Amino acid sequence: MNVRKYEEADLPRMAEIWNQVVEDGIAFPQLQTLKLDSARDFFAGQSFSAVAEEDGEILGLYILHPNNEGRCGHIANASYAVDRSARGKGAGEALVSHCLETAAALGFRLMQFNAVVKSNLGAIHLYEKLGFVRIGEVPGGFLMKDGHYEDIVLFYHTL
């Protein structure tokens, strides 16, 4: 599994994978999918965007950016998306590990996740495996696609 900075040619596949997660409605807060032009601006506007590929096929991606600004600008935040057909094959772990290294290289001191949906057990297991610390939970913090509210878990990782 190779994780690398994205290139212009990757944008259609990146948008496709991102949109899968948005359309699933159970992990990302966004309601709108990305078109190619909005994807170009969105991924370019991050501190860093990367893809995971294997045998020339893009399996997933991440975006990395500040969690806040000013006096909290040293805290990073990230989002990860893995193609439905590639889940469980190690792309998520490769993406998160690369992201942590990249965040540190960019000068961030902490990584914070604000809204990991509590039923996303695969993500929670991965984050804990990689050393993230659970801060707490927010009851009913995420509106699921089917209309019910799910608790969210907050995590941080020192870089």
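Q: Let's start in the middle of things. Leaving aside neighbours within four places in sequence, which residues is Leu110 in contact with?
A: Once those neighbours are set aside, Leu110 is in contact with His74, Ile75 and Ala76, and also with Tyr156, His157, Thr158 and Leu159. Keep in mind that this is a predicted model. Leu110 itself sits in strand S5.

Q: How many residues separate Leu110 from Pro66 along the chain, and what is the distance between their C-alpha atoms?
A: This is where you set the sequence beside the fold. Leu110 and Pro66 are 44 residues apart along the chain, and their C-alpha atoms are separated by 9.9 Å. Now try another pair: Glu93 and Phe48 are 45 residues apart in sequence, with 17 Å from C-alpha to C-alpha. And for Asn19 and Glu7, twelve residues apart along the chain, the C-alpha separation is 18 Å.

Q: Is Leu110 buried, partly exposed or exposed?
A: You read that from the relative accessible area: under 20% is buried and over 50% is exposed, with partly exposed in between. Leu110 comes out at 24%, so the label is partly exposed.

Q: Then where do I look for the nonpolar interior, and which residues have the most contacts inside the largest nonpolar core?
A: The general idea first: in soluble globular proteins, nonpolar side chains tend to be buried together. Here the largest nonpolar core has 30 residues, and those with the most contacts inside it are Tyr62, Leu64, Tyr80, Met111, Phe113, Tyr127 and Phe132. Strands S2, S3, S4, S5 and S7 each supply at least two of its residues, and so do helices H3 and H4. H3 gives the most, with six residues. There is also a second, separate core of 17 residues, with Met14, Val22, Phe43 and Ile58 among them.

Q: Take Phe132 from the largest core. What does Phe132 touch, not counting residues up to four places away in sequence?
A: The list is Val96, Leu100, Met111, Phe113, Tyr127, Phe155, Tyr156 and His157.

Q: How do I read empty space, and what is the volume of the largest pocket?
A: Rolling a probe the size of a water molecule over the atoms shows where empty space is left. In this model the largest pocket has a volume of about 970 Å³. Of the 41 residues that line this pocket, Ala27, Tyr80, Asn120, Ala123 and Tyr127 are the closest to its centre. The lining divides into 23 nonpolar, 13 polar and five charged residues. H1, S3, S4, H3, S5 and H4 each supply at least two residues of that lining.

Q: On to polar contacts. Which side chain does Glu93 join through a polar contact?
A: For these, you look at a pair of N or O atoms within 3.5 Å. The side chains of Glu93 and Lys129 are joined at 2.9 Å. Glu93 is found in helix H3 and counts as partly exposed because its relative accessible area is 29%. Apart from neighbours within four places in sequence, Glu93 is in contact with Leu126, Lys129 and Leu130.

Q: And Arg4: buried or exposed?
A: Arg4 counts as buried, because its relative accessibility is 17%. Arg4 lies in strand S1, and a polar contact of 2.7 Å joins its side chain to that of Asp10. Not counting residues up to four places away, Arg4 touches Asp10, Ser49, Ala50, Val51, Glu53 and Ile58.

Q: What backbone atom does the side chain of Asn19 reach?
A: The backbone nitrogen of Leu34, at 2.7 Å. Asn19 is in helix H1 and is buried, since its relative accessible area is 10%. Beyond four places in sequence, Asn19 is in contact with Thr33 and Leu34.

Q: Last one, on backbone angles. What is the phi of Asp55?
A: Most residues other than glycine have a negative phi. Asp55 has a positive value, near 55 degrees. Find Asp55 in the loop between S2 and S3; at 81% relative accessibility, Asp55 counts as exposed.

Terms used. Residues numbered from 1 in each chain as written. Predicted model: local features only at pLDDT ≥ 70, side-chain atom pairs only at ≥ 80, totals over all residues. Heavy atoms only, no water. Helix = DSSP H or I, 4+ residues; strand = E, 2+ residues; numbered from the N terminus. Buried < 20%, exposed > 50% of the residue type's maximum accessible area, 1.4 Å probe, protein only. Polar contact = N/O pair within 3.5 Å; in protein donor to acceptor, adjacent residues only side chain to side chain. Contact = heavy atoms within 4.5 Å. Core = buried A, V, L, I, M, F, W, Y, C linked by side-chain atoms within 4.5 Å. 1 Å grid on protein atoms, 1.4 Å probe; cavity = no way out; pocket = protein on both sides within 12 Å on 5 of 7 lines; lining within 4 Å. Points joined across faces, edges and corners; volume = space filled by probe spheres on them. Nonpolar A, V, L, I, M, F, W, Y, C, P; charged D, E, K, R; others polar.
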